[in-house]
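Subject: Structure handover

Hello,

Here is the structure I said I would pass on. Please look it over before reading the notes underneath.

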Amino acid sequence: MPDRPEIVCLCGSTRFVDEMSAANRDLTFAGVIVVAPGVFRRAEGHEADESVTNEQKTALAALHLRKIDLADRVLVVNPGGYVGESTSREIAYAHAAGKPISFTDPQTSSDTA
């Protein structure tokens, strides 16, 4: 038994801000340490964070890979099975790092980029 709570990294499109928030809440109430995107650039129906420069986007992507490094496992938030290009890269990174990966919704091959 580890001497700390499990750490889970949430991955997925930042357009799914509500679903990410719900997964974060559920895991937190279950006693899990959650690391997740901190900037939501494409939040549909919500005010997105102010415009993000290309330099900031690159830095955020690299930072998220470090969050995956910290995690015991990865949970992909993928409503309707959707997995975009950035999330696909994160999944490949987590897989290469030997992290267990699970999905909130069944994944369909046509939805991956």
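The notes below go from the overall fold to individual side chains.

Please keep in mind that this is a predicted model.

Overall fold

The protein chain has 3 helices and 4 strands. Read from the N terminus, the order of elements is β-α-β-α-β-α-β. Of the 113 residues in the protein chain, 35% are buried. Among contacts between residues at least 6 apart in sequence, 77% join residues at least 24 apart.

Strand pairing

S1 (residues 7-11) runs parallel to S3 (residues 73-76), and 4 bridges link the two strands. In this pairing, valine 8 is opposite arginine 73 of S3. S3 also pairs with S4 (residues 101-103), again in the parallel sense, over 3 bridges. Here valine 74 faces isoleucine 101 of S4. Together with helix H3 (residues 85-96), S3 and S4 form a β-α-β unit, and this unit is right-handed.

The segment before S1

Proline 5 sits in the segment before S1. With a relative accessibility of 37%, proline 5 is classed as partly exposed. Its C-alpha atom is 6.3 Å from that of isoleucine 33, although the two residues are 28 apart along the chain. Beyond its neighbours within four places in sequence, proline 5 contacts Gly31, Ile33 and Asp72.

Asp72 also has a charged partner in this segment. The side chains of aspartate 72 and arginine 4 form a salt bridge, with an N to O distance of 2.7 Å. Aspartate 72 belongs to the loop between helix H2 (54-70) and S3, while arginine 4 belongs to the segment before S1, so the salt bridge ties together parts that are 68 residues apart in sequence. Both ends are partly exposed: aspartate 72 has a relative accessible area of 30%, and arginine 4 has one of 33%.

Salt bridges within helices

The count of salt bridges comes to 4. Besides the one just described, two others deserve a note here.

In helix H2, arginine 66 and aspartate 69 are 3 residues apart, about one turn of the helix. Their side chains meet in a salt bridge at 2.9 Å, N to O. Arginine 66 is partly exposed at 39% relative accessible area, and aspartate 69 is partly exposed at 35%.

In helix H3, glutamate 85 forms a salt bridge with arginine 89, at 3.0 Å from N to O. These two residues are 4 apart in the helix, so about one helical turn separates them. Glutamate 85 is exposed, with a relative accessible area of 54%; that value is over the 50% cut-off for exposed residues. Arginine 89 is partly exposed at 48%.

A buried glutamate in H3

Which side chain of opposite charge is nearest to glutamate 90? Glutamate 90 is another residue of helix H3. The nearest such side chain is that of arginine 89, 7.1 Å away, and glutamate 90 has no salt bridge even though it is buried. A salt bridge requires a nitrogen to oxygen distance within 4 Å. Leaving out residues up to four places away in sequence, glutamate 90 touches Cys11, Gly12, His64, Leu65 and Ile68. Of the residues it touches, Cys11 falls within S1 (residues 7-11), and His64, Leu65 and Ile68 fall within helix H2 (54-70).

The aromatic pair

The structure has 1 aromatic pair. The ring centres of phenylalanine 16 and tyrosine 82 are 6.0 Å apart and the ring planes make an angle of 70°, so the pair is edge-to-face. Phenylalanine 16 is in the loop between S1 and helix H1 (17-29), and tyrosine 82 is in the loop between S3 and H3, so this pair ties together parts that are 66 residues apart in sequence. Phenylalanine 16 is buried, at 14% relative accessible area, whereas tyrosine 82 is partly exposed, at 29%.

In brief

Two of the contacts described here link separate parts of the chain: the salt bridge between aspartate 72 and arginine 4, and the ring pair of phenylalanine 16 and tyrosine 82. In H3, glutamate 90 remains buried without a salt bridge.

Regards

Terms used: Residues are numbered from 1 along each chain as its sequence is written. This is a predicted model: local features need pLDDT of at least 70, side-chain atom pairs count only at pLDDT 80 or more; totals for chains, interfaces and linings use all residues. Side-chain values use heavy atoms; hydrogens and water are left out. Two strands pair if DSSP finds at least two bridges between them. A crossover is right-handed if, with the strands pointing away from the viewer, the path from the first strand over the helix to the second runs clockwise. Rings of Phe, Tyr and Trp (its six-membered ring) pair if their centres lie within 6.5 Å; planes under 30 degrees apart count as stacked, over 60 as edge-to-face and the rest as tilted. Buried means under 20% relative accessible area, exposed over 50%, partly exposed in between (1.4 Å probe, protein chains only). Lys and Arg count as positive and Asp and Glu as negative; His and the chain ends are not counted. Contact means heavy atoms within 4.5 Å.
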